[in-house]
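Good morning, everyone, and thank you for making time for this short talk. Please have a look at the sequence and the model on the screen, and then I will go through some of what can be read from them.

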Amino acid sequence: WFVYRWYRGGELYDRIQREEYDSIIRCRALLLALSRVVREAHDCRIAHLNVRPENFVFGRDRQVHLVDFTHARRIYNPWLNSLIAPVGEAPFAAPETQGTHMPYFTCTSDVYSLGVLYSLLALGMGTPDDEDLQRDMTYENPTQRADIATVIQRLVALLPPPPPPSQ
C-alpha cells in the first residue's frame, strides 16, 4: 500500500491487462524504458533478480520505476555470483538462478527476464529483428546473452526517429 500511494500510475501488470500494446513500436518503447531502469540498478552494481511486470510501477510523472528489491543482490563478479537458494519467479527467472544445486546469477540474469517480458508484450507481433533480439536476450547460457547496454542500443536502433518539430 505504501508503494502504491507514491506510484499512482499503477503497475505494469495492470496496464498490460487494461491496455493492448497493439503496436510493436509501443512494445519497443516500453521495453527500452524498462531496460533503462534495470540498467540504473546495474550501474549501482545491483542485480534485481525478480524482473517481472508486477515490479514495474508508473509514477505521477508517467515514468516507469523498478520496485521490490527483496531478491536483489550485489554484483561482485560480472560472471559468477553465488546464491544460497533459487530466486525470482517463473517464467521470468533466468535458468541459472533456478538451479537446485549451486544457483548463481550474472550481469545478464535480469536481461533474460526482460527478454521474457518482451515476449509477453509483443504477443507474437515480432518482426525478424525482434526475434533476433529476443533470442539474444534469452539464451539459457548467460555468457551468450546480450548485456543490458547492447539491449538498449539495439532497441534505440529499432525505434523510428522522432518526428521533426513543427513550426
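**Salt bridges, cores and a few loops**

I would like to begin with R39 and D43, whose side chains meet in a salt bridge with an N to O distance of 3.8 Å; a salt bridge here is a side-chain nitrogen of Lys or Arg within 4 Å of a carboxyl oxygen of Asp or Glu. Before going further, I should say that this is a predicted model, in which local features need pLDDT of at least 70 and side-chain atom pairs count only at pLDDT 80 or more, while totals for chains, interfaces and linings use all residues. Residues are numbered from 1 along each chain as its sequence is written, and side-chain values use heavy atoms, with hydrogens and water left out.

Both R39 and D43 lie in helix 3, four residues apart, which is about one turn of the helix. When I say helix or strand, I mean DSSP runs numbered from the N terminus, with H or I over at least four residues for a helix and E over at least two for a strand. As a general point, an α-helix has 3.6 residues a turn, so residues three or four places apart point the same way. R39 counts as partly exposed because its relative accessibility is 32%, whereas D43, at 56%, counts as exposed; the cut-offs are under 20% relative accessible area for buried, over 50% for exposed, and partly exposed in between, with a 1.4 Å probe and protein chains only.

The structure holds seven salt bridges. Another of them joins the side chains of R135 and D132, at 3.3 Å from N to O, and these two are separated by about one helical turn because they are three residues apart in helix 5. R135, at 39% relative accessibility, is partly exposed, and so is D132, at 32%. D132 and R135 also belong to a network of salt bridges that links them with D136 and R154. A further salt bridge, of 3.5 Å, brings together the side chains of E54 and R52; here E54 counts as partly exposed, at 25%, but R52 counts as buried, at 14%.

Let me now step back to the whole protein. It has six helices and six strands, and along the sequence they follow the pattern α-α-α-β-β-β-β-β-β-α-α-α. Of its 167 residues, 43% count as buried.

Which residues have the most contacts inside the largest nonpolar core? They are L12, L34, F56 and L114, in a core of 33 residues. A nonpolar core means a set of buried Ala, Val, Leu, Ile, Met, Phe, Trp, Tyr and Cys residues joined through side-chain atoms within 4.5 Å. Among the elements that give two or more residues to this core are helix 2, helix 3, helix 4 and strand 2. Apart from it lies another core, of six residues, including L49 and F105. In soluble globular proteins, nonpolar side chains tend to be buried together.

Helix 4 is mostly covered, since 12 of its 14 residues are buried, and S109 and L114 are among them. Its 14 residues should span 20 Å at 1.5 Å a residue, and its end C-alpha atoms are indeed 20 Å apart, which agrees; the expected span is 1.5 Å times one less than the number of residues.

S109 also leads us to a loop, the one between strand 5 and strand 6, where E96 lies. Is E96 buried or exposed? It is buried, because its relative accessible area is 6%. The side chains of E96 and S109 are joined by a polar contact of 2.6 Å, that is, a pair of N or O atoms within 3.5 Å, where within protein one must be able to donate a hydrogen and the other to accept it, and residues adjacent in sequence count only if both atoms are side-chain atoms.

M102 lies in that loop between strand 5 and strand 6 too, with a phi near 60 degrees, a positive value in a residue other than glycine, and at 62% relative accessibility M102 counts as exposed. P91 has its place there as well, and a cis peptide bond, with omega about 5 degrees, joins A90 and P91.

Thank you for listening; I am happy to go back to any of these places on the screen.
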